[in-house]
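This briefing takes up the internal cavities of a protein model and then sets them beside its strands and helices. Please read it with the sequence and the structure at hand.

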Amino acid sequence: MANNYKWIVTIAVMIIIIIAMVDTCKGQVGLNGAGFFENRTELSDAWLLEETQGNQWVLRLPGGAITKYANATPFRGGWGLDSAIVDSITFLYKSFEEEQSNDILEKWYRKTAQQPITSYLYNLIDLNDKFNLKVIWAVNIYIPAEEAIKPIEFMVMNGIDIIAVELGNESYSQVGHDFEEYVCKSEPIAAMVRNLGITVIHPAAPSGLRSRKDHEQWNQSLKDYLADFPKDGVVFHPYFDDREFSGFTAPVDTLLTLSQIGAFDWGSFFVGLVNEFPGASMHLITETNSQPSNLIGDTYLNGVLIDSILSASVRSFDWVCLHNGVAPDKYGVIYGKEGEQKKNTSLAVWGEAVRKKKVVVLPDPICNRCKKIVYKIFNWRRCSSCNN
């Protein structure tokens with residue numbers, strides 16, 4: 001009997017060890033959809049089909065900054081932008097950073113003039129027919145809730161699976177970190193979304209190396225708010241620049257930056273974000289990448305960074321959207337004008353993550369000691385001889 005007991009204990013220990021060694025993955029990945037339909041082509045669809053191979057992924061729409069002005073309906077072209085909306089909303093923002101300079105305003109006037117006749121909601125239905133797709137909808141909290149709910153209801157009625165509705169885009173900035181004003185503007189549409197059985201997600205302000213007193217106050221208010229709405233979730237936008245990696249300065253020192261990315265404790269970073277909001281029902285990242293895009297965009301180095309971000313974040317987060325999808329600039333996994341589109345180095349890395357395979361860009365520079373089974377079991381960090 002004692003021998004049988006020993007065997008049971010031995011088997012149980014071995015099972016625990018095997019589970020601990022498995023590369024576990026909690027979440028799934030997707031793309032931010034800023035400029036997606038403006039730049040979508042038959043070629044970009046073919047490349048995305050090639051990478052996703054029928055696996056599920058999520059698209060965040062209508063994107064980031066455009067959320068501030070979007071008023072999408074089946075009857076308004078594009079995302080429903082018009083100059084009247086730009087004029088009526090822009091100067092309600094409490095931060096000058098929020099689109100109030102003349103050159104940025106000119107950009108939005110130009111975008112309103114470029115809106116197509118047909119709503120992009122119909123493009124989404126077409127995309128949904130081709131892909132195993134889910135959607136995160138970023139809703140404009142500066143338009144009446146009765147209007148803001150229309151595209152959400154339309155998507156639901158047309159079979160679009162909305163996993164969450166994000167209240168604005170980095171809304172803490174637009175309201176000047178005034179959480180009461182945020183609740184006042186967002187609660188009417190939030191209540192409607194909850195009534196549809198869809199999860200509402202709120203923006204967390206940057207923390208860690210990017211923390212400020214107003215960020216900390218916002219996040220504390222959000223924690224308190226979630227105590228009353230435990231079914232709501234939280235969304236983050238972690239970007240990485242020379243504050244995290246000193247090598248991210250022009251001209252970029254590739255070898256230095258590679259070593260810094262390898263030495264960074266990615267697991268602790270993303271677990272730390274999740275642990276800031278233990279009361280949230282869902283934790284999402286709807287934008288992440290390096291910053292700015294033209295520094296290392298479409299380089300081997302950026303591919304390594306995206307590998308690190310996706311591999312670690314999906315262990316802690318429910319959904320992770322890379323910025324950006326099909327786009328005009330090097331943030332896109334597919335980028336460029338029609339007829340000149342290119343595959344970014346990030347596309348293959350993202351595709352591997354969608355297919356839930358281990359993402360590998362570089363040959364893993366692990367020493368022989370770290371490869372030994374005994375060392376793996378009893379040492380969660382690699383030894384100092386390793387380069388990562």
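In this predicted model, the second largest cavity has a volume of about 30 Å³, and the residues that line this cavity are Glu166, Glu170, Tyr172, Pro203, Ala204, Val235, Phe236 and His237. The largest cavity, for its part, has a volume of about 70 Å³, and the structure holds two cavities of 30 Å³ or more.

**Second largest cavity**

- By class, the lining of the second largest cavity divides into five nonpolar residues, one polar residue and two charged residues.
- Phe236, which is one of the residues that line this cavity, stands opposite Ile285 in strand 8.
- Strand 6, which covers residues 233–236, runs parallel to strand 8, residues 283–285, and three bridges join the two strands.

**Largest cavity**

- The lining of the largest cavity is made up of Ala70, Asn71, Ala72, Trp137, Ala138, Val139, Asn140, Ile143, Glu147, Ala148 and Pro151.
- Two or more residues of this lining come from each of two elements, namely strand 3 (133–139) and helix 7 (145–148).
- Strand 3 makes the greatest contribution to the lining of the largest cavity, giving three residues.
- Sorted by class, the lining of the largest cavity consists of eight nonpolar, two polar and one charged residues.

**Barrel and helix packing**

- Eight strands close into a barrel, in which they follow the order 1-2-3-4-5-6-8-10 and the pairing is parallel.
- On average, and with direction ignored, neighbouring strands of this sheet are turned by 30 degrees against each other.
- Strand 3, which gives three residues to the lining of the largest cavity, is one of the barrel strands, as are strand 6 and strand 8.
- Helix 16, residues 345–354, lies across strand 1 (28–32), strand 2 (57–61) and strand 10 (319–322), and this helix runs at about 140 degrees to strand 1.
- Strands 1, 2 and 10, across which helix 16 lies, are likewise among the strands that close into the barrel.

**The protein as a whole**

- The secondary structure comes to 18 helices and 13 strands, and eight strands form the barrel.
- The protein has 388 residues, of which 53% count as buried.
- Among the contacts in the protein with a separation of 6 or more, 76% are accounted for by residues that lie 24 or more positions apart.

How values were computed
Residues are numbered from 1 along each chain as its sequence is written. This is a predicted model: local features need pLDDT of at least 70, side-chain atom pairs count only at pLDDT 80 or more; totals for chains, interfaces and linings use all residues. Side-chain values use heavy atoms; hydrogens and water are left out. On a 1 Å grid over the protein atoms alone, a cavity is a set of points where a 1.4 Å probe fits but cannot get out, and a pocket is an open set with protein on both sides within 12 Å along at least five of seven lines; lining residues have an atom within 4 Å of a point. Grid points are joined across faces, edges and corners, and a volume is the space filled by probe spheres set on the points. Helices (H or I, at least four residues) and strands (E, at least two) are DSSP runs, numbered from the N terminus. Ala, Val, Leu, Ile, Met, Phe, Trp, Tyr, Cys and Pro count as nonpolar, Asp, Glu, Lys and Arg as charged, and the others, Gly among them, as polar. Two strands pair if DSSP finds at least two bridges between them. Axes are lines fitted to C-alpha atoms, for helices over the stretch in contact, and angles run from 0 to 180 degrees between N-to-C directions. Contact means heavy atoms within 4.5 Å. Buried means under 20% relative accessible area, exposed over 50%, partly exposed in between (1.4 Å probe, protein chains only).
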